[in-house]
Amino acid sequence: MTNLFSKLSPFAPLVLRLTISFVMLWFGLNQVLNPESWTGFVPAWITDVGFDPVTFIYLNGAAEIILGSLLALGIATRVIAFLLFLHMTGIVIEVGLTPIGVRDIGLAGALLFLSLHQEQN
């Protein structure tokens with residue numbers, strides 16, 4: 001079994017990149033298709049500065065779709081992963097150590113890995 005894992009280990013970054021892309025695309029599409037169900041997650045300061053929560057959700061969802069697509073395609077992977085890492089870190093800071101925040105710490109760590117990892121040819 002160890003030999004099999006050794007042979008497959010070069011594919012680990014690809015698997016991580018594609019699965020994280022799927023997560024970003026899933027959340028982004030859900031936000032764009034049903035923004036009203038996400039407005040409860042919009043931080044209070046967004047509305048305090050006069051920004052419409054539904055518009056914020058549309059913009060966030062569109063950004064996650066675009067960045068998730070670029071990540072899936074392997075376009076500027078390290079830069080895109082780092083931008084998504086910053087995005088997830090912002091969510092963690094906003095929601096704190098809740099179940100959502102802890103999950104997003106894991107996603108942020110995976111994105112940080114992708115931004116730091118140098119593909120080997």
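This report describes the fold, the core, the surface and some side-chain pairings of one predicted protein model.

## Overall fold

The chain of this predicted model contains six helices and zero strands, so that, by the way helices and strands are assigned here, its pattern along the sequence reads α-α-α-α-α-α. Taken along the principal axes, the C-alpha atoms fill a box of roughly 55 × 30 × 20 Å.

Of the 121 residues in the chain, 28% count as buried. Among contacts between residues at least 6 apart in sequence, 60% join residues that are at least 24 apart.

## The nonpolar core

In soluble globular proteins, nonpolar side chains tend to be buried together. The largest nonpolar core here has 14 residues, and those that touch the most other members are I20, L71, L84, M88 and L111. Helices α2, α4 (53–73), α5 (77–95) and α6 each supply at least two residues of this core.

Once its neighbours within four places in sequence are left aside, L71 is in contact with R17, I20, S21, T77, I80, A81, L84, L111 and L114. One of these partners, S21, has its place in helix α2, which spans residues 12–33. S21 counts as buried because its relative accessibility is 1%, under the 20% limit. With its neighbours within four places in sequence again set aside, S21 is in contact with G68, L71 and A72.

## The surface and its nonpolar patch

The chain exposes about 7600 Å², and carbon and sulfur atoms supply 72% of that area. A nonpolar surface patch of about 810 Å² is made by M1, L4, F5, L8, F11, L14, V15 and L18. The elements that give two or more residues to this patch are α1 (2–8) and α2.

Within the patch, L14 may serve as an example, as it has its place in helix α2 and is partly exposed, with a relative accessible area of 35%.

## Helix α6 and the salt bridge

Side chains of opposite charge can pair when their charged atoms come close. The count in this model comes to one salt bridge, in which the side chains of R103 and D104 meet at 2.8 Å, N to O. The two partners are covered to unlike degrees, since R103 is partly exposed with a relative accessible area of 39%, whereas D104, at 2% relative accessibility, counts as buried.

G106 has its place in helix α6, which covers residues 99–116, and it is partly exposed, with a relative accessible area of 44%. Although G106 and M88 are 18 residues apart in sequence, their C-alpha atoms are 9.4 Å apart in space.

## Aromatic pairs

A pair of aromatic rings is described by the distance of the centres and the angle of the planes. A search of the whole structure finds five aromatic pairs. One of them, formed by F51 and F56, is edge-to-face, with 6.3 Å from centre to centre and 90° between the planes. Both residues count as partly exposed, F51 at 35% relative accessibility and F56 at 24%.

Another pair, formed by F82 and F85, is tilted, with 5.7 Å from centre to centre and 35° between the planes. F82 and F85 both lie in helix α5, three residues apart, which is about one turn of the helix. F82 counts as partly exposed at 37% relative accessibility, while F85 is buried, with a relative accessible area of 17%. In addition, W26, F27, W38 and F41 form one aromatic cluster.

Methods:
Residues numbered from 1 in each chain as written. Predicted model: local features only at pLDDT ≥ 70, side-chain atom pairs only at ≥ 80, totals over all residues. Heavy atoms only, no water. Helix = DSSP H or I, 4+ residues; strand = E, 2+ residues; numbered from the N terminus. Buried < 20%, exposed > 50% of the residue type's maximum accessible area, 1.4 Å probe, protein only. Contact = heavy atoms within 4.5 Å. Salt bridge = Lys/Arg side-chain N within 4 Å of Asp/Glu carboxyl O. Patch = residues over 30% accessible without salt bridge, like charges linked within 9 Å, V, L, I, M, F, W, Y side chains within 5 Å. Areas by Shrake-Rupley, 256 points an atom, 1.4 Å probe, with all protein chains shown as cover. Core = buried A, V, L, I, M, F, W, Y, C linked by side-chain atoms within 4.5 Å. Phe/Tyr/Trp six-rings, centres within 6.5 Å; stacked < 30°, edge-to-face > 60°.
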